[in-house]
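Dear colleague,

I am handing over the structure we spoke about, and I would be glad if you could look through it with the notes below at hand.

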Amino acid sequence: MGTKEKKSGELGNNSENSQLDNDLQHNWDSLDEQAKEYIIGQYQHGFEGMNTLESEKGLMTEDEYEWHKQYWEGWIEAMINTFPESEMKRVNWMCITAWIGGEDIEEECNNPIDTNKIYFRTPTDRDKCIGEINAVIKKYQKLNLFADQLEQTAIERIQKFAKIAGKMGFEVCLGFSGGKDSQVCYDLCKRSGIVFKAYYNVAFESNTTKRFISEHYPDVIWRKNVPYGFIENISANHKGFLPTVQAAYCCRDFKHNPKNVDNCSIVGVRRAESNARSSRTAFSAKNKTTLKKNKELVSEYFVENCQSVGGASVIQLMPIVDWSDDDIWDYIYKYNLPVNPEYHHTKRVGCIVCPKSNFTRNFYYLMKYPKLIDAFILARERGSADIDWMITGSNMDCSDNKPYYICRWLNRSFMPFTKRQEELYKRVRARYDAIYLTPLLMTLAGPYASPKS
C-alpha cells in the first residue's frame, strides 16, 4: 500500500515505528468501509486456510503440506502489514478467533498456547494478543471445573451401570455410530475401566464414516442382519414402497433391528438433540415390570429422578444425557479424539440421506451423489410394476418428473418445499440433469469434442 514493509517479529526504533504506523494509518483512513472489510476478510481467510490445512494434513505428502503452509503464511504476513495500530486490537482478536476457533477457544485452555501459530507485525502486538488470550483462558478455566464434574458424573454413571449389569448377569454393550456422541461414550467407557463391547449397526452411512470407524476404532464389532443394502432392500423386501416418517422400516431393518437389540446397552443419546429426547433420563428399563422387579438394585445406584421406562433394551444407560453440543466438542478437543471428516459438511453424522429428515439436511449428499435419485427410482420400479408416482397431499402426479418425487420424499416424507428448499431443489436438479447432458453434448460435438494435439 505504498508503505515501508516490516516483517513479522521485527521491531525497529520508536521513530521508525511511529512513521510506519502513521503511513499505515493514513492509507487505512483513505479506504472506504467496503475496502477495509475486504482486507480484513482476506486476512481472516488466511487463517481459515491455515486451519483447513492442519485438518487435512494427513491427506497430503510432506512436500505438499510445506508448500501450502508457506503459501498461507505469506498470505497472512502480507495482509497484517496493512493494519495501523488503531486496528490492531481488532486484528489481534481476529487472530485468536480465526486460529483457535472463536467459541471453541476453550479447547486450548488445558494446553500451552503455541504463539508461533499466531502472526503479528511486532513483538508488542504479540504481547497484547497473548494478554487477551490469557484473559480468555482464565474465564474458561472456571468453566472447566464444571466440565470436569460432567466427566466425573458420566464415568460414575457408567461404573454404577456396570455393577447393575453384573448383578443381573448381563454383558455391557455400547452402541457406536462413528458420530461424536458415541465417540465420547466410547472414551468414557474406556476411562471408567469397565468391561464392554462396542457394536456398529450398519445402515446407510457414508464410506467416509465406515473408513473412520475401521481406522480409528478397529475393535468395534460391525453388525448387519439384512442381506441387502439400504436401496436394494426397498425393492427386495418392501415391494418398492419407500420408508417414511410414519413407516420408517429402514430403522427397524438396519439401525434398530430387533436381532441387534442388546439386553444391556449404553448409548450416546442426549436431551439437547431434540424435543423428543428432552425427557430422557440417565437410566431406563424396558418397562414398568422390569423396573419394579429390579427397583431395589437400581435404586442402590440411581436416584428416582434418574430412572424411567421405555427403552428397547432390558436396561439402558445414557451417560451423557445432560451434555450440550459444546460439552461434547470440548471433550473431543480436550482429549484429542479423532473427528469424523463428515463433520466438515454436516452437524450430525448418520445415514447419507433420510426420509425422516428435511430436504435442507439431505441436500448436501444429493449434490454429492446425484445418481442416488436414479437408484431410488429404480428401486421403486423393480419392487413392483403396480406403483404410482402420486404425491397424495399435493395431488400431484410425478410420473413424468420422478426426480422431483424422490426429492419431495426426502423432505420429511413429501412435505411441501419452502422457498429456500425450492432453490436447493433447483440446484440438485441442475446437478442431476448435468449427468445426462454432458455425455449428450459430447456426442453431438463429435470430432470437435476435444482439441487435436
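What follows goes through the sheet, one residue within it, the salt bridges and two loop residues.

Please keep in mind throughout that this is a predicted model.

The sheet is a good place to begin. It is an open sheet of seven strands, arranged in the order β3-β2-β1-β4-β7-β5-β6, and the pairing among them is mixed. The strands at its edges are β3 (221-223) and β6 (307-309), each of which pairs on one side only. From one strand to the next, the twist averages 30 degrees. Helix α6, which covers residues 180-192, packs on this sheet and touches β1 (173-175), β2 (197-201) and β4 (264-266), while its direction makes about 155 degrees with that of β1. Elsewhere in the sheet, strand β5 (residues 283-285) and β7 run antiparallel and are joined by three bridges, and alanine 285 stands opposite isoleucine 315 in β7.

Strand β7, residues 315-317, also holds glutamine 316, which you may want to inspect in the viewer. Is glutamine 316 buried or exposed? Its relative accessible area is 11%, and because buried means under 20%, glutamine 316 counts as buried. Leaving aside residues up to four places away in sequence, glutamine 316 touches Phe161, Ser265, Val267, Ala282, Phe283 and Ser284. With one of these, serine 265, the side chain of glutamine 316 makes a polar contact of 3.1 Å. Another, valine 267, lies 49 residues away along the chain, yet the C-alpha atoms of valine 267 and glutamine 316 are separated by 7.5 Å.

Turning to charged side chains, the count comes to 17 salt bridges. One of them is formed by lysine 167 and glutamate 300, whose closest N and O atoms are 3.8 Å apart. This pair links distant parts of the chain, since lysine 167 belongs to helix α5 (residues 123-168) and glutamate 300 to the loop between α11 (295-299) and β6, 133 residues apart. Lysine 167 counts as exposed at 52% relative accessibility, and glutamate 300 counts as exposed at 52% as well.

Helix α16, residues 419-445, contains both partners of a salt bridge between glutamate 423 and lysine 426, in which the closest N and O atoms are 3.3 Å apart. Because these two residues are three residues apart in the helix, about one helical turn separates them. Aspartate 433 and arginine 429 also meet in a salt bridge, at 3.0 Å from N to O, and because they are four residues apart in helix α16, they too are separated by about one helical turn. Aspartate 433 is partly exposed at 33% relative accessibility, and arginine 429 is partly exposed at 23%. In addition, Asp148, Glu151, Arg191 and Lys334 are linked in a network of salt bridges.

Finally, two loop residues deserve a look at their backbone. Lysine 239, in the loop between α8 (230-238) and α9 (249-253), has a positive phi of about 50 degrees although it is not a glycine, and lysine 239 is exposed, with a relative accessible area of 64%. Asparagine 395, in the loop between β8 (390-391) and β9 (396-397), likewise has a positive phi of about 50 degrees without being a glycine, and asparagine 395 counts as exposed at 63% relative accessibility.

With best wishes

Key:
Residues numbered from 1 in each chain as written. Predicted model: local features only at pLDDT ≥ 70, side-chain atom pairs only at ≥ 80, totals over all residues. Heavy atoms only, no water. Buried < 20%, exposed > 50% of the residue type's maximum accessible area, 1.4 Å probe, protein only. Contact = heavy atoms within 4.5 Å. Polar contact = N/O pair within 3.5 Å; in protein donor to acceptor, adjacent residues only side chain to side chain. Pairing = 2+ DSSP bridges. Axes fitted to C-alpha atoms, helices over the stretch in contact; angles between N-to-C directions. Salt bridge = Lys/Arg side-chain N within 4 Å of Asp/Glu carboxyl O.
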